[in-house]
Amino acid sequence: MNGSSDDTLTLALSKGRILEDTLPVLAAAGIEPEVDPESSRKLVFETNQPGLRLLVIRASDVPTFVSYGAADIGVAGKDVLIEHGGADLYEPLDLGIARCRLMTAGLPGAMDEASHRPLRVATKYVETTRAHFARIGRQVEIVKLYGSMELAPLVGLADVIVDLVDTGNTLRANGLEPFEVIEDISARLVVNKAAQKMKHAAIEELVELFGRGASSEAA
Ligand code: AMP
């Protein structure tokens, strides 16, 4: 399956926090969407670059769009890529944006209180959480949530959470403590493997533009 013909590239962007950080990188790379994706309800955007269009989609869907070839290339958080598995995607560039940490957190002492039984963990990162606790040899029962993970320990739904932490303000505001870093996270470029072969020159050019955009943003 392939969503765009040989002379066009489709770039999938993650909505939300990553989009906020991606738009300045695009601007620094000279790529301008036809209208501002943050204020528009459109899902597909043409750009000032002939043959480059943007999709703005839910962050956790970016690896799926790229792996099926519905987008040739995407910007996705490392958290989402680890959870997806990512083996069917190339990951040519760490954009160094939307940096945060994937952490365990909970009420003070939560890990010790549950030391004689399986730890109950609320998260949307089910696979990553399972792998982490298997690695450290701790039995867990995972409660899958889609948002507001911080609420789970406050209402007895879980002992701890696995979630992204940036400033730590959300944890603090809810009386929770960060425990352990599972992964340092940032947004990455990912490329469909077939597109990498079939549209090699266009993809290389876009990756290079992104590289320049990301380093001038970081400067
Ligand atoms: P903070 O209060 O700054 O620690 O941010 C924590 C909240 O923002 C949590 O609900 C996280 O899920 C979310 N968050 C933090 N960093 C990111 C990121 N890079 N991408 C997406 N969500 C994030």
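The lining of the largest pocket divides into 12 nonpolar, 9 polar and 13 charged residues, where Ala, Val, Leu, Ile, Met, Phe, Trp, Tyr, Cys and Pro count as nonpolar, Asp, Glu, Lys and Arg as charged, and the others, Gly among them, as polar. The model is a predicted one, in which local features need pLDDT of at least 70 and side-chain atom pairs count only at pLDDT 80 or more, while totals for chains, interfaces and linings use all residues. Residues are numbered from 1 along each chain as its sequence is written, and side-chain values use heavy atoms, with hydrogens and water left out.

The largest pocket holds about 980 Å³ of space and is lined by 34 residues, of which Ala59, Asp79, Lys124, Tyr125 and Leu164 lie nearest its centre. Two or more residues of this lining come from each of α1 (17–28), α3 (78–84), β9 and α7; helices (H or I, at least four residues) and strands (E, at least two) are DSSP runs, numbered from the N terminus. A pocket here is an open set of points, on a 1 Å grid over the protein atoms alone, where a 1.4 Å probe fits, with protein on both sides within 12 Å along at least five of seven lines, and its lining residues have an atom within 4 Å of a point.

The space taken by the ligand is this largest pocket. The elements that give two or more residues to the shell around the ligand are β9 (160–165) and α7 (169–173), and β9 gives the largest share, 3 residues. The shell as a whole divides into 4 nonpolar, 4 polar and 4 charged residues, and among its members are Arg17, Ala98, Cys100 and Glu150, each with a heavy atom within 4 Å of the ligand.

Oxygen atoms of the ligand also make polar contacts, which are pairs of N or O atoms within 3.5 Å, as the table shows.

| Residue | Partner atom in the residue | Distance to a ligand oxygen |
|---|---|---|
| Asp166 | polar backbone atom | 2.8 Å |
| Thr167 | side-chain N or O atom | 2.6 Å |
| Thr170 | side-chain N or O atom | 2.5 Å |

Taken alone, the ligand exposes 490 Å², and the protein buries 79% of that, with areas from the Shrake-Rupley method and a 1.4 Å probe.

Two loop residues deserve a separate word on backbone angles. Most residues other than glycine have a negative phi. Ala98, in the loop between β5 (89–94) and β6 (100–106), has a positive phi near 50°, and Ser148, in the loop between β8 (140–144) and α6 (151–154), has a positive phi of about 45°.

Terms used. A polar contact is a pair of N or O atoms within 3.5 Å; within protein, one must be able to donate a hydrogen and the other to accept it, and residues adjacent in sequence count only if both atoms are side-chain atoms. A molecule sits in a cavity or pocket if more than half of its atoms lie within 2 Å of its grid points. Grid points are joined across faces, edges and corners, and a volume is the space filled by probe spheres set on the points.
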